[in-house]
Amino acid sequence: MTYMKRRTLLTAGFAAGLLLPTGSLFVAAGQARAEVTPACGAATPEQTEGPYFTPNAPLKTDLHEPGMKGEQLRMAGRVLDSHCRPVSRALLEVWQADADGVYDNRGYRLRGHVFADEAGGWMIDTIRPGRYPGRTPHIHVKVKGPTTRLLTTQLYFPNDPGNARDGIYDPRLLLQLEQRGEGLLGRYDFVLS
Ligand SMILES: [Fe+2]
């Protein structure tokens with residue numbers, strides 16, 4: 001069901017509820033009823049772009065290239081607005097270091113952009129970045145909805161010993177990481193203000 005349809009149904013449900021005696025608003029367990037609106041998280045914190053952003057990175061959902069070393073990482077999640085509504089077709093640009101902690105500042109290796117789907121879902125396949133001097137492993141992201149302002153931030157890896165020593169690190173930007181087959185799945189939901 002699309003968001004607009006669901007929204008319309010919810011609105012209709014609330015409107016009907018208001019017309020009923022108070023007691024009718026309580027429904028027995030198991031009866032169909034509208035979902036309670038979930039609490040929405042705070043806006044995703046912004047972070048510095050850093051020195052290695054390159055504009056015009058290509059559209060590609062898989063940044064991994066043949067022969068590239070490093071642990072495979074699939075990142076996925078949703079893009080939401082401040083009311084927890086999905087941001088359809090949001091643009092996500094990603095850039096990162098390779099497994100040795102080296103950025104490609106000449107070409108577009110480990111750089112790319114994708115678009116979220118209609119439900120705000122996004123996904124990109126890459127590798128886990130290595131550490132480079134002065135920083136804990138991280139992945140840079142820019143996220144922009146059709147009507148939102150640009151969010152520039154970075155994502156981090158849980159339990160990395162470098163996190164505590166990194167002055168930019170923010171635990172609110174941790175990927176939810178789990179082992180999936182031969183690689184890792186890292187989930188993150190962006191909330192745009
Ligand atoms: Fe960086």
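**Notes on the predicted model**

1. Let me start with a turn. Strands E7 and E8 form a hairpin with two residues between the strands, and Gly181 there has a positive phi near 60°. Keep in mind throughout that this is a predicted model. The two strands of the hairpin, E7 (residues 176-180) and E8, are antiparallel and joined by five bridges. If you want a pair to click on, Leu177 has Gly186 in E8 as its bridge partner.

2. Stay with E8 for a moment. How many of the five residues of strand E8 are buried? Four of them are, so E8 (residues 183-187) is largely enclosed by the rest of the structure. E8 also pairs with E1, this time in parallel, through four bridges. Within that pairing, Leu73 stands opposite Leu184.

3. Now the overall layout. The protein has one helix and nine strands, and the order from the N terminus is α-β-β-β-β-β-β-β-β-β. Of the 193 residues, 40% are buried. The accessible surface is about 11200 Å², and carbon and sulfur atoms account for 55% of that. As for how the chain comes together, take the contacts between residues at least 6 apart in sequence: 70% of them join residues at least 24 apart.

4. Next, a sheet. Four strands make up an open, antiparallel sheet in the order E3-E2-E5-E6. Its edges are E3 (111-115) and E6 (151-156), each of which pairs on one side only. Ignoring direction, neighbouring strands in this sheet are turned by 25° against each other on average.

5. Edge strand or not, is E3 enclosed or open to the outside? Four of its five residues are buried, so E3 is largely enclosed by the rest of the structure. E3 runs antiparallel to E2, with five bridges between them; one pair to look at is Leu92 with its bridge partner Val114 in E3. On the other edge, E6 pairs with E5 (residues 138-144) in the antiparallel sense over six bridges.

6. The metal site is probably where you'll zoom in. Which residues coordinate the iron ion? The donors are Tyr103 (OH), Tyr132 (OH), His138 (NE2) and His140 (NE2), at 2.0 to 2.5 Å. Along the chain they are spaced Y-x28-Y-x5-H-x1-H. For four tetrahedral donors the ideal angle would be 109.5 degrees. Here the angles among the four donor atoms run from 93 to 156°, and the site is irregular.

7. Two of those donors deserve a closer look. Tyr132 has a relative accessibility of 14%, so it counts as buried. His138 is buried as well, with a relative accessible area of 2%. His138 also ties the iron site to the sheet: its bridge partner in E6 is Tyr156.

8. Pro129 has His138 among its contacts too. This proline is in the loop between E4 (121-127) and E5. Buried or exposed? Buried, because its relative accessibility is 4%. Leaving out residues up to four places away in sequence, Pro129 touches Gln96, Ala97, Asp98, Pro137, His138, Ile139 and Phe157. Its C-alpha atom is 9.7 Å from that of Gln72, a residue 57 positions away along the chain.

9. The loop between helix H1 (3-19) and strand E1 (72-81) holds Asn56, and Pro55 is in the loop between H1 and E1 as well. Pro55 is partly exposed at 45% relative accessible area, while Asn56 counts as exposed at 67% relative accessibility. The C-alpha atoms of Pro55 and Glu93 are 9.2 Å apart, although 38 residues separate them along the chain.

10. Last, a backbone check. Most residues other than glycine have a negative phi. Asn56 is not a glycine, yet has a positive phi of about 65°. Cys84 also has a positive phi, near 70°, and is found in the loop between E1 and E2 (91-96).

How values were computed:
Residues are numbered from 1 along each chain as its sequence is written. This is a predicted model: local features need pLDDT of at least 70, side-chain atom pairs count only at pLDDT 80 or more; totals for chains, interfaces and linings use all residues. Side-chain values use heavy atoms; hydrogens and water are left out. Buried means under 20% relative accessible area, exposed over 50%, partly exposed in between (1.4 Å probe, protein chains only). Contact means heavy atoms within 4.5 Å. Accessible areas come from the Shrake-Rupley method with a 1.4 Å probe; for residues, only the protein chains shown count as cover. Donors are N, O and S atoms within 2.8 Å of the metal (3.2 Å for Na, K and Ca); water is not among the atoms, so sites may look incomplete. Four donors count as tetrahedral if all angles lie between 85 and 135 degrees; four count as square planar and six as octahedral if opposite donors are over 155 degrees apart and all others between 65 and 115; anything else is irregular. Two strands pair if DSSP finds at least two bridges between them. Axes are lines fitted to C-alpha atoms, for helices over the stretch in contact, and angles run from 0 to 180 degrees between N-to-C directions.
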